[in-house]
Amino acid sequence: KKFARRMEAQIIQAIHLIQDPTMPPLQRQQAQQFCDQLKEDLNSFAYIPLLSQATNDAPVRHFGMHLFQHLMRRSHEMTEQQREEMKNYCFQLMTQVPATIFFVTTCRGCEKKEN
């Protein structure tokens, strides 16, 4: 648990570095490489619930959901246990997100176009 919290802090710091235009380009590039490496590690799924918490700022939550999406595309490479954890997290997300968000997301583009 401590390792996950420490890693979460490193991820958050990297996300903020990437988005800070006042930081030297080399530091921003290293932070981006760190985040890209997370996308390649199937065990990074463990950080998604921490990153997507409402207490985090929007860029951090966005990265958490981006990481989730990226890892879902690679679910065929995961162990059965990893896929089960991902499925349970999906169900957890569905119970936390208001139904109106799902309705708006599903119906986007379904409106009648007026000529």
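**Exercise 1. Which residues is I48 in contact with, leaving aside its neighbours within four places in sequence?**

Before you start, note that this is a predicted model, where local features need pLDDT of at least 70, side-chain atom pairs count only at pLDDT 80 or more, and totals for chains, interfaces and linings use all residues. Residues are numbered from 1 along each chain as its sequence is written, and side-chain values use heavy atoms, with hydrogens and water left out.

*Step 1.* Find I48 in helix α3. Helices here are DSSP runs of H or I with at least four residues, strands are E runs of at least two, and both are numbered from the N terminus.

*Step 2.* Apply the contact rule: heavy atoms within 4.5 Å. That gives you G64, M65, L67, F68, L71 and Y89 as the partners of I48.

*Step 3.* Look at one of these partners, L67: its C-alpha atom is 7.1 Å from that of I48, although the two residues are 19 apart along the chain.

*Step 4.* Check the accessibility. I48 comes out at 0%, so it counts as buried (buried is under 20% relative accessible area, exposed over 50%, partly exposed in between, with a 1.4 Å probe and protein chains only).

**Exercise 2. Work out which rings form a cluster, and how they are linked.**

*Step 1.* Get the rule straight: rings of Phe, Tyr and Trp (its six-membered ring) pair if their centres lie within 6.5 Å; planes under 30 degrees apart are stacked, over 60 edge-to-face, and the rest tilted. The structure has 3 aromatic pairs.

*Step 2.* Take F45 and Y89. Their ring centres are 5.9 Å apart and their planes sit at 85°, so this pair is edge-to-face. F45 is in the loop between α2 and α3 (48-51), while Y89 is in helix α5 (residues 80-96), so the pair ties together parts 44 residues apart in sequence.

*Step 3.* Now try F68 and Y89: 5.4 Å centre to centre and 85° between the planes, which is edge-to-face too. This pair links F68 in helix α4 (residues 58-73) with Y89 in helix α5, 21 residues away.

*Step 4.* Put it together: ring pairs join F45, F68 and Y89 into a cluster. As for burial, F45 is buried at 8%, F68 is buried at 8%, and Y89 is buried at 5%.

**Exercise 3. Describe how α2 packs against α1 and against α4.**

*Step 1.* Know what to report: two packed helices are described by the angle between their axes and the distance between the axes. Axes are lines fitted to C-alpha atoms, for helices over the stretch in contact, and angles run from 0 to 180 degrees between N-to-C directions.

*Step 2.* Start with α1 (residues 2-19) and α2 (residues 25-40): the angle is about 130°, and the axes are 8 Å apart. The two helices are therefore oblique to each other (under 35 degrees is roughly parallel, over 145 roughly antiparallel, 65 to 115 roughly perpendicular, the rest oblique).

*Step 3.* List who meets whom. On the α1 side you have M7, Q10, I11, A14, I15, L17 and I18; on the α2 side, R28, A31, Q32, F34, C35 and L38.

*Step 4.* Move on to α2 and α4, with an angle of about 40° and axes 9 Å apart. That makes α2 oblique to α4. Here C35, L38, K39 and E40 of α2 meet F63, H66, L67, H70 and L71 of α4.
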